[in-house]
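This report goes through selected parts of the model, one region at a time. Please read it with the sequence and structure in view.

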Amino acid sequence: MDKISVETPKDLSGALEIMSKSKLTPLAGGTDLMVQQEFGSLKAKQFINIWNLNELKGITHTNDSFRLGALTTFMEIRKHKLLKQKLPMLVQAAKLVGAIAIQNRATIAGNIANASPAADSVPALLCYDASLELTSTQKKRIVPLKDFYLGYKKMDIQSDELITAIIIPMPKDNPTIYYQKVGARLALSISKVCFAALVQMQSGKLVDVRISIGSIAPTPLRLYKTEDYLKQKKLNASIISNAIEQLADEIKPIDDIRSSKEYRVKVSTNLFRNFLESL
Amino acid sequence: MSKSQTVNITCTINEAQYSFELPPLTRLIDVLREDLQLTGTKEGCSEGECGACTVLINGELTNSCLVPIVQMDGASITTIEGLSQKGILNKIQQSFWERGGAQCGFCTPGMLMSTTSLINNLSTDEIPSEEYIREWLSGNLCRCTGYSKIIESVSLACEVNNG
Ligand SMILES: Cc1cc2nc3c(=O)[nH]c(=O)nc-3n(C[C@@H](O)[C@@H](O)[C@H](O)COP(=O)(O)OP(=O)(O)OC[C@H]3O[C@@H](n4cnc5c(N)ncnc54)[C@H](O)[C@@H]3O)c2cc1C
Ligand code: FES
Ligand code: FES
């Protein structure tokens, strides 16, 4: 009963068919699952191998949006010319996921669905207003990434659904971006902060501001209150210090690791200050 | 009680074809080292951090400790044993030999696989910067050399490749 089994369907519809009948854990690049399996922390025993499903591969775009197949690897992202130009923070994130051999296997949907608060692609994707396409035999639905995480490792996804694609609106202007990852992976659970922000200025005013931080709360956060405070403002010393206070207020650091709570807030506010002062 | 599942997998390893019947999550590294006695591929951390187990799968640099055999049906795998031809070191191995890029040797197979992939990914006549080399090898840890001899070896390998 408890023995490990893996189904390998030929195509997406076959995969969804199997998933509609039994609860199976999708196995993509395996960079999270195989580590958990090796170290005995994986509860799942029954898997569905999706690594070869062509319907989940490839990056396409229209004038309005990008569509990244669920199996898009970080290596594919970092090599993609138009992504480099249009979604540079996502490309920066991709380059920082592990090293080359990891980037060749680690998929974007796997990074999202592993639901680590430290997933490096997520703050960038949140700033770019990404949505997920979730597909089952019954239906296809689109969930904004900002609504996808319901709590620590809790997601708005049913057991018969796969993430089939990530949809990202095509940025219209050429915003100023800021993407910083602080802290090494090995020490990740104690010291990492991942900060992503994007700003569009018009005659000295901030007309668009988006800020997202990973590793600071049970899920990566978009900081809407701080964004709202800054919108339509011209920056000066007092606006910057108010914004920093607002940000410190809005982030709720993971407080089961108390010793590092202050550190994380400090790193986040320092990064935020650097960013604002660079504008 | 049901029998535990096994899967039938056929793949190419160093240009020879093999078929296996194994539990689906058997790690590629275990197949290489235990079933095939290809012990040039090393196991350090077992979690994708050290690069000692690096191989090429369909030409792409991969940590064999993280790959389940169920995903290898039809794949073409190159291990360190596939680099030399008839016992003669290839140009990359020769460069490591000349520049002292190996000390204890534990990380060396992985370093050589990463260098192979680095060179395969260069465009014609491209000379990679040191920064580029360091990034490409950043998934390979070495406790002996302090890396500079390794970087020199890789640089030499790139030059030889171009010349
Ligand atoms: C050495 C090492 C270094 C790393 N460094 C970083 C880092 O710096 N930053 C970072 O963010 N991450 C890092 N990671 C983790 C990163 O590799 C993963 O999060 C990766 O992106 C997961 O993708 P995968 O395809 O390998 O997922 P898998 O391991 O196959 O799956 C991960 C989870 O996602 C689910 N899943 C996968 N695909 C789908 C889908 N289409 N629909 C629904 N559920 C799905 C699986 O069921 C599983 O729960 C590292 C991992 C390793 C081993
Ligand atoms: S043993 Fe595979 S990366 Fe260390
Ligand atoms: S030569 Fe000994 S670990 Fe690199």
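## Helix H1 of chain B and its surroundings

The buried residues of H1(B) pack against strand S1 (7-13), strand S2 (16-22), S3 and S5 of chain B. Those buried residues are Leu28(B), Ile29(B), Asp30(B), Val31(B) and Leu32(B). The model discussed here is predicted. After H1(B) comes Gln37(B), which has a positive phi near 55°.

Thr41(B) sits in the loop that runs between helix H1 (28-35) and S3 of chain B. The relative accessible area of Thr41(B) is 1%, and the cut-off for buried is under 20%, so Thr41(B) is buried. Setting aside neighbours within four places in sequence, Thr41(B) is in contact with Ile29(B), Leu32(B) and Arg33(B), among others. Its contacts also include Ala52(B), Cys53(B), Val55(B), Ser64(B), Thr79(B), Ile80(B) and Glu81(B). Two of the residues touched by Thr41(B), Ile29(B) and Leu32(B), are among the buried residues of H1(B).

## Helix H3 of chain B

Helix H3 of chain B covers residues 108-120. At 1.5 Å a residue its 13 residues should span 18 Å, and the C-alpha atoms at its ends are 18 Å apart, so the expected and the computed values agree.

H3(B) is mostly covered, with 12 of its 13 residues buried. The buried residues include Thr108(B), Pro109(B), Gly110(B), Met111(B), Leu112(B) and Met113(B). Also buried are Ser114(B), Thr115(B), Thr116(B), Ser117(B), Leu118(B) and Ile119(B). The cover over these residues includes three strands of chain B, S3 (54-57), S4 (60-63) and S5 (76-78). It also includes three helices of chain B, H2 (91-99), H4 (130-136) and H5 (148-162).

## The site of ligand 1

Ligand 1 lies between chains A and B. There are 36 residues around ligand 1, and those that come nearest are Pro26(A), Thr31(A), Asp32(A), Thr107(A) and Asp120(A). By class, the shell has 19 nonpolar, 10 polar and 7 charged residues.

Several oxygen-atom distances can be listed for this ligand. An oxygen atom of ligand 1 is 2.6 Å from an N or O atom in the side chain of Asp32(A). For the side chain of Lys181(A), the distance from an oxygen atom of ligand 1 to an N or O atom is 2.8 Å. With Leu33(A) the partner is a polar backbone atom, 2.9 Å from an oxygen atom of ligand 1. On its own, ligand 1 has 990 Å² of accessible area, and the protein covers 94% of this. Elements that give two or more residues to the shell are strand S2 (25-27), helix H2 (33-38), helix H7 (108-113) and strand S10 (162-169) of chain A. H7(A) supplies the largest share, 4 residues.

## Two buried residues of chain A

Leu162(A) belongs to strand S10 of chain A. Its relative accessible area is 3%, so Leu162(A) is buried. Apart from neighbours within four places in sequence, Leu162(A) is in contact with Leu12(A), Leu16(A), Met19(A), Pro26(A), Ile50(A), Leu56(A), Glu133(A), Leu134(A) and Thr135(A). Pro26(A), one of these contacts, is also one of the residues that come nearest to ligand 1. Leu162(A) and Lys225(A) are 63 residues apart along the chain, and their C-alpha atoms are separated by 32 Å.

Phe275(A) is in helix H13 (residues 258-278) of chain A. Phe275(A) counts as buried because its relative accessibility is 1%. Not counting residues up to four places away in sequence, Phe275(A) touches Thr176(A), Ile177(A), Tyr178(A), Ala197(A), Leu198(A) and Val199(A). Phe275(A) and Gln180(A) are 95 residues apart in sequence, and 9.9 Å apart in space from C-alpha to C-alpha.

## Positive phi in two loops

Most residues other than glycine have a negative phi. Gln232(A) is not a glycine, yet has a positive phi of about 70°. Gln232(A) is located in the loop between helix H11 (224-230) and helix H12 (237-250) of chain A. At 47% relative accessibility, Gln232(A) counts as partly exposed.

Glu15(B), also a residue other than glycine, has a positive phi near 70°. Glu15(B) lies in the loop between S1 and S2 of chain B. With a relative accessibility of 77%, Glu15(B) counts as exposed.

Note on methods: Residues are numbered from 1 along each chain as its sequence is written. Chains are lettered from A and ligands numbered from 1 in the order in which they are written. This is a predicted model: local features need pLDDT of at least 70, side-chain atom pairs count only at pLDDT 80 or more; totals for chains, interfaces and linings use all residues. Side-chain values use heavy atoms; hydrogens and water are left out. The expected span of a helix is 1.5 Å times one less than its number of residues. Buried means under 20% relative accessible area, exposed over 50%, partly exposed in between (1.4 Å probe, protein chains only). Contact means heavy atoms within 4.5 Å. A residue is near a molecule or strand if one of its heavy atoms lies within 4 Å of it. A polar contact is a pair of N or O atoms within 3.5 Å; within protein, one must be able to donate a hydrogen and the other to accept it, and residues adjacent in sequence count only if both atoms are side-chain atoms. Accessible areas come from the Shrake-Rupley method with a 1.4 Å probe; for residues, only the protein chains shown count as cover. Ala, Val, Leu, Ile, Met, Phe, Trp, Tyr, Cys and Pro count as nonpolar, Asp, Glu, Lys and Arg as charged, and the others, Gly among them, as polar.
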